[in-house]
Amino acid sequence: GVATMTLLAADSYTVTLSRIPPGFAAKESYTFTSTAVNINLSTLSIIDPTDHSKANYKVGGNIGDFTLTDTNGETYALSKLLKDKDLVILNFWFVNCGPCKSEFPHFEEVSQGYENIQLLTLNPIDNVSAIRNFKDQNGYSFPMISDHIGLSAGFNVSAYPTTVFIDSSGRIIAIDVGAYPSQQALENRINSLLK
């Protein structure tokens, strides 16, 4: 994070904290002497990276860091993705969800066409074997992941599919419930959020 001090008057100032990493809160304390002010900053993790189930994520808030492994054994750390991508998309689904299956071809095209986004499809219901079989049978290239860290609960997902958009600062900028009816509808949504 960054602390910026602004002198308002001889005996008055403000301290602004910015660029706090996602999933952390900053705390400051001050020590005064006759000639100096010592400012101590510390950060506290507010979300356990292995359990997001009680996070209560909402649009406008920040998401805590996580690391997930897809059905191919590839690992995705949110903190790294946020450095490399302009947009991270979390799509919550399950194997027998008809609307989820109907939008996956659109996600396949988009995941191939946009280098500045990362799509992660998270399944909180089915086991890894069922997810892997579904991916292999359909030939999808995007990551399919078992949501074993409670992200779906942290976002209060109650309808499928639900799609979450996270900007490069770790801020949740949109949550959409329901399937995208076309690739164009999905691309329009992504383009509107990348502006």
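This is a short tour of two nonpolar cores and one pocket in a predicted model.

**Stop one: the largest core**

Start by selecting Ile89, Trp93, Phe104, Phe107, Met144, Phe165 and Ile190. Those are the residues that touch the most other members of the largest nonpolar core, a set of 24 residues. Now colour the elements that feed it: strands E7 (87–92), E8 (117–123) and E11 (172–177), plus helices H2 (98–113), H3 (128–138) and H5 (183–194), each supply at least two residues of this core. Keep H2 highlighted, as the largest share of the core, four residues, comes from that helix.

**Stop two: Ile190 and its contacts**

Zoom in on Ile190. Which residues does Ile190 touch, leaving aside those up to four places away in sequence? Show Leu87, Ile89, Val110, Tyr114, Ile117 and Phe165, and you have them. Two of these names, Ile89 and Phe165, should still be in your selection from the first stop.

**Stop three: a second core**

Next, pick Phe155, Val164, Ile166 and Ile172. These are among the 21 residues of a second core, separate from the one you just left.

**Stop four: the second largest pocket**

Finally, turn on the surface and select Ser111, Gln118, Ser141, Phe142 and Pro143. Of the 16 residues lining the second largest pocket, these are the closest to its centre. The space inside comes to about 200 Å³. H2 and E8 show up again here, as the elements that give two or more residues to the lining. E8 gives the most, with three residues. Colour the lining by class and you'll see a mix: six nonpolar, five polar and five charged residues.

Note on methods
Residues are numbered from 1 along each chain as its sequence is written. This is a predicted model: local features need pLDDT of at least 70, side-chain atom pairs count only at pLDDT 80 or more; totals for chains, interfaces and linings use all residues. Side-chain values use heavy atoms; hydrogens and water are left out. A nonpolar core is a set of buried Ala, Val, Leu, Ile, Met, Phe, Trp, Tyr and Cys residues joined through side-chain atoms within 4.5 Å. Buried means under 20% relative accessible area, exposed over 50%, partly exposed in between (1.4 Å probe, protein chains only). Contact means heavy atoms within 4.5 Å. On a 1 Å grid over the protein atoms alone, a cavity is a set of points where a 1.4 Å probe fits but cannot get out, and a pocket is an open set with protein on both sides within 12 Å along at least five of seven lines; lining residues have an atom within 4 Å of a point. Grid points are joined across faces, edges and corners, and a volume is the space filled by probe spheres set on the points. Ala, Val, Leu, Ile, Met, Phe, Trp, Tyr, Cys and Pro count as nonpolar, Asp, Glu, Lys and Arg as charged, and the others, Gly among them, as polar.
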